[in-house]
Structure formats: C-alpha cells, structure tokens
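Reader: I am a first-year student and would like a close look at a single part of this model. Could you take me slowly through one helix, what surrounds it, and the terms needed to describe it?

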Amino acid sequence: MNVTEHLSFFASLYKVDENPEMGMWLLYITFIALSILVYKLGFALKLPVLKSIVIYIFLILGCTILTFLGIFLPVGEGLVVAALILIIYKIRLHNQKKMEAEQSKS
C-alpha cells in the first residue's frame, strides 16, 4: 500500500511521509492558525483576557487531535473552506452596513 496516495493536501504539501517530524509541526501550526482564524471570524466574543487565554489553550490542545486526523482526512481543507465562507460573510456584512449607513444619511 502506497501511503502517499492517501495523504491529505496539507500532509502531502508538507511531505509528512518523507520528513515526519518537520511535516507534523508544520501541519500542527497550520491547523492552529486556521482554527484561530475561523474562531475569530465566526465565533469570537469580547471576553476578559483570562477567559480568552483558556479558550486559546483548549483550541491549541484540540488542534493536536486534528493534526493526527489531518494526515489522511481533509481537516485542513475544511478549515480553509470555513475561513473563506466566513471571510465572504464578513465582507458582505460590512458592505451591507455601509450601504445602510449611506441610506440613513440621505
């Protein structure tokens, strides 16, 4: 069985099969960055600093599990799609609020 055929996009991009230690760290950092981006775009509330630190600690711990699943499953790709959808939503929301502000001035 050829393992390289079954790797996800990010796992094959970081060559987890050839250099597992560095590839797994890069995969882990990528998942942390994408998870924080998705959290900030879609779910973050204004919280006290200590509560925010606790949330980010659990987010980072959860990314450990996602990293192992993300070798063969499209976890990273799902995070990218979620981030893109939330970015589009935020842009449209910003444009709509801007249009409503302009209409209320008129």
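Author: Let us begin with one residue and widen the view from there. Ser 35 is found in helix α2, where helices are DSSP runs of H or I with at least four residues, numbered from the N terminus, just as strands are runs of E with at least two. The model is a predicted one, in which local features need pLDDT of at least 70 and side-chain atom pairs count only at pLDDT 80 or more, while totals for chains, interfaces and linings use all residues. Residues are numbered from 1 along each chain as its sequence is written, and side-chain values use heavy atoms, with hydrogens and water left out.

Ser 35 has a relative accessible area of 9% and is therefore buried, a word that means under 20% relative accessible area, whereas exposed means over 50% and partly exposed lies in between (1.4 Å probe, protein chains only). When its neighbours within four places in sequence are left aside, Ser 35 is in contact with Leu 59, Cys 63, Leu 66 and Leu 79, contact here meaning heavy atoms within 4.5 Å.

Ile 36 also lies in helix α2, but with a relative accessible area of 28% Ile 36 is partly exposed. Not counting residues up to four places away in sequence, Ile 36 touches Tyr 56 and Leu 59. From C-alpha to C-alpha, Ile 36 and Leu 79 are 10.0 Å apart in space, although 43 residues separate them in sequence.

Leu 26 is another residue of helix α2, and its relative accessibility of 32% makes it partly exposed. Its C-alpha atom is separated by 19 Å from that of Val 81, and the two residues are 55 residues apart along the chain.

Now consider the helix as a whole. The 23 residues of α2 should span 33 Å at 1.5 Å a residue, and because its end C-alpha atoms are 32 Å apart, the two values agree; the expected span is 1.5 Å times one less than the number of residues. The buried residues of α2 include Gly 23, Met 24, Leu 27, Tyr 28, Phe 31 and Val 38, and the buried residues of this helix pack against α1, α3 and α4.

One of these partners deserves a closer view. The axes of α2 (residues 20–42) and α3 (residues 49–69) come within 9 Å and cross at roughly 130°, axes being lines fitted to C-alpha atoms, for helices over the stretch in contact, with angles that run from 0 to 180 degrees between N-to-C directions. The two helices are therefore oblique to each other, since angles under 35 degrees count as roughly parallel, over 145 as roughly antiparallel, 65 to 115 as roughly perpendicular and the rest as oblique. Among the residues that make the contact are Leu 27, Phe 31, Ser 35 and Ile 36 of α2, together with Tyr 56, Leu 59, Cys 63 and Leu 66 of α3. By class, the contact of α2 with α3 has 14 nonpolar, three polar and one charged residues, where Ala, Val, Leu, Ile, Met, Phe, Trp, Tyr, Cys and Pro count as nonpolar, Asp, Glu, Lys and Arg as charged, and the others, Gly among them, as polar.

Another partner is α4, whose buried residues are Val 75, Gly 76, Leu 79, Ala 83 and Leu 86. What covers these buried residues includes α1 (9–13), α2 and α3, and among them Leu 79 has already appeared as a contact of Ser 35.
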